[in-house]
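Here are a few short exercises to work through with the model open beside you. Try each task before reading its solution.

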Amino acid sequence: MKFIGHLDVMRCFQKAMRRADIPISFTEGFSPHMVMSFALPLGVGLTSSGEYMDIEVDAPVPSKDAVRRLNEAMPEGLQVLSFRQIEEGKAAKAMTLVAAADYTVFFKQAERWPKDWPERLREFEAKEHIIAAKKTKTSEKEEDIRPMIGRLEPREDGIFMTLSAGSAANLKPELVMEAFAAHCGITLPEPDLGLRINREDLYGKKTAHGAGSVPWAEDLISLQDMGREIES
Amino acid sequence: MRKLALSDEILLSIDKPARYIGGEVNAVWKDKDQVDVRVAMCFPDVYEIGMSHLGIQILYELFNRRPDVWCERVYSPWTDLDKIMRERDIPLFALESQDRIRDFDFLGITIQYEMCYTNILQILDLSGIPLLAKERDDTCPLVIGGGPCTYNPEPLADFFDLFYIGEGETSYDALIDLYKEHRQRGFRREDFLADAARVPGIYVPSLYHTSYHADGTIASFEPLRGDIPPVIQKQIVMDLDAAPYPLAPIVPFIKVTQDRVVLEIQRGCIRGCRFCQAGMLYRPTRQRSVENLKRIADEMLKNTGHEEISLSSLSSSDYPELEELVNYLIDVCGGKKINISLPSLRIDAFSLDVMGKVQDVRKSSLTFAPEAGSQRLRNVINKGLTEEDILKGAGDAFAGGWNKVKLYFMLGLPTETEEDRKEIAHLAEKIAVRYYEIPKEQRTGKCQITVSTSFFVPKPFTPFQWAPMCTKGEFLGHARTVNHEIKDQKNHKSVRYHWHEADVTVLEGLLARGDRRIGAVIADAYRHGALYDAWTDEFKREIWEQAFVNTGIDPDFYTVRKREENEIFPWDFIDMGVKKSYLWREWQRAQEEKVTENCRAKCSGCGAACYGGGVCFESKN
């Protein structure tokens, strides 16, 4: 699935909703479309075990039933883990709730990295500022990404990290890894930087924060826990 | 996890990696140790085009119904991956198992248009299969071709072990059974091909010989053995309701050209337009029952989750139960927000009513295909549409709120004059005038009339198979005439004009009516880099021009030469039901500007009644 772009994953879900006969709502107008949105698009090349989308339905479907039906309609590599009701109104759009994401980044060639990379990671994390070139479609600008890094932990052949995510501030794990590679004095190869990246989960905030302030660990709640099971 | 033939690193560095990974919904997965025969079915163009083709899905279903066969798919790698595969020596693979094509039993290639011929060589080359059939050993897959271009397979004769002439539903089982038999008793390619040549519809080009007259025309075409037929019979399904249909077609991850359920309502066409190859090849017209179609539509929508359904046929308006079918679809689809697309409809009161229900009138456009500008020339080509039909249809449509009209024509038709060409512009002008006759307050802005012309290519098995084709210079001159005439008219701002490339057309004409000697040209062009010739940006004219020089082939012999009544054509060994004498008669009537009635109005004795069914026997039931 990691080679399927975000828009195609969306199309795939639209067709799966029909195959599974989920009574999804449509927008009004001459070319109606399904009321469906993803919390945070996943880049091509990344895998994930924690993606979220919100949909609106015309009639409730029991969670267990919906999960079973959707999984029967899914291609290999896509699995629906839970189907939950979220409050209408304030939490209507998963996209607006996302504040952070967990990633695990694996080195495809561990030998490329210095042997003492876990120590280097501690140094890297201890820095007050980490300046990286953030690329957008049109420009490239230097930015301090340190405030958007929540956690950095060494794992076997890889790094676990919690990063800001969502519309207010979004940091890609690739950028962190490029900055860390620079700190280690190495460069990473195209097209995938010699890394395998898995998004683990997405989080919202437990409490409201002012703009610019970044919530960490104690204030994060998995999007999964913001909804409740629909009983039959 | 399924294994992938390409590394992550390659997949992430090419455009649309989803073209190459398989694993789509409804793709068929089997245990390769549990099947006897492995078939790779190929559409020699990029994934998005190939996946849109109904024929492949039908064959996929047909083969995979058999527990002893696993049929997989393969398409042309796009130029980015093509380059990487050559540089790194990566063999071409099938999408499902990701196994090498070289290890399959059969490589089936559907040949839908002439401009894909170099892509066929790409498929063979990347698979590691020798391009020439005579250089293949017993370990190579059997390369079999099918589809409309195999009604003149001769330009490709060198590259294929076998051709299947006609509709796949009838003889493939016999061929597979024969293959299994040969496998069990020790496979020898030569022996198998000799036996296969006796299966109805199967043509083994290496077992036939062509000789030529001094002037380059064919002197004789004969089998090299006494035990194989000198004439190959076209295969055809007479009962479409009993034929397999892909009720659960594959649903691609990426958006393909035909991203919808396709409902084939009938095969063949009763109209008998004299330029149209499909209209002759698929005679007699046969239809699916409306009850069956309703069931198929329900199943396919359920199994795919597509948000659109489209009818498929050469002329949907000629389907007798169209109204019942369309009303059913409107009922079923309306509530589920499924779009209905109705191509090839004649514009009349019924179709306008239906289209008003299923599409956004403001956004959609109406399509007319008069094919020729003047009534005289429409009589020559036997296109029944009159100027009155068009103006009435357009007028009714304008009254119904439409303001976009598309018109399709051909240039370079037999007997065509400067006046006929100017009439194309005049017809567009008359439609514009009809629009501006509507009171201003009832109009929605300006009307947009799009005129498109393609250049006429004479095709085998049509009444125009004897016709000379225009040169590139003539074609472009004709397009200029139309362009100038449009620009000189009062409402020219409401008319847009597009014309096709002439280079590709000339080549298409040459390949369409080519003989065995053309194989060398295709191979030469391919070796020098011709690929994806159907794609304007990829087509390289100079390579083909050089290929003619290198092989000593004179293109004019195949394109602009006028053929005589008794000339033996490269495709004459195929019996497609419709007789050559009928086609000649129609060629004469064309020159006399005489119209021939459609099959339902009056049988004109083309010969297709030999199949004992379809429209030929409708009134006799």
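**Exercise 1: the end of a helix**

Find the residue that follows H18(B) and give the sign of its phi. Solution: the residue just after H18(B) is Gly552(B), and its phi is positive, near 70°. Keep in mind that this is a predicted model.

**Exercise 2: one helix and its cover**

Work out which residues of helix H18 in chain B are buried, and how they are arranged around the axis.

Solution, step by step:
- Start with the residues under 20% relative accessible area, the cut-off for buried. In H18 of chain B, which runs over residues 541-551, these are Ile543(B), Trp544(B), Ala547(B) and Phe548(B).
- Next, look down the axis of H18(B): the buried residues fall within an arc of 140°, so they line one face of the helix.
- A general rule helps here: an α-helix has 3.6 residues a turn, so residues three or four places apart point the same way.
- Finally, look for the cover: the buried residues of H18(B) are covered by elements of chain B including helices H5 (117-127), H16 (502-512), H17 (519-527) and H19 (555-558).

**Exercise 3: chain A as a whole**

Describe the make-up and overall form of chain A.

Solution, step by step:
- Count the elements: chain A has 5 helices and 12 strands.
- Compare the radius of gyration, 19 Å, with the 17 Å from the globule rule for 232 residues; the two are close, so chain A is as compact as a globular protein of that length.
- Check burial: 46% of the 232 residues in chain A are buried.
- Turn to the surface: chain A exposes about 12400 Å², with 51% supplied by carbon and sulfur atoms.

Technical notes
Residues are numbered from 1 along each chain as its sequence is written. Chains are lettered from A and ligands numbered from 1 in the order in which they are written. This is a predicted model: local features need pLDDT of at least 70, side-chain atom pairs count only at pLDDT 80 or more; totals for chains, interfaces and linings use all residues. Side-chain values use heavy atoms; hydrogens and water are left out. Helices (H or I, at least four residues) and strands (E, at least two) are DSSP runs, numbered from the N terminus. The radius of gyration is taken over C-alpha atoms; the globule rule is 2.2 Å times the number of residues to the power 0.38. Buried means under 20% relative accessible area, exposed over 50%, partly exposed in between (1.4 Å probe, protein chains only). Accessible areas come from the Shrake-Rupley method with a 1.4 Å probe; for residues, only the protein chains shown count as cover. The arc is that of the directions from the helix axis to the C-beta atoms. Contact means heavy atoms within 4.5 Å.
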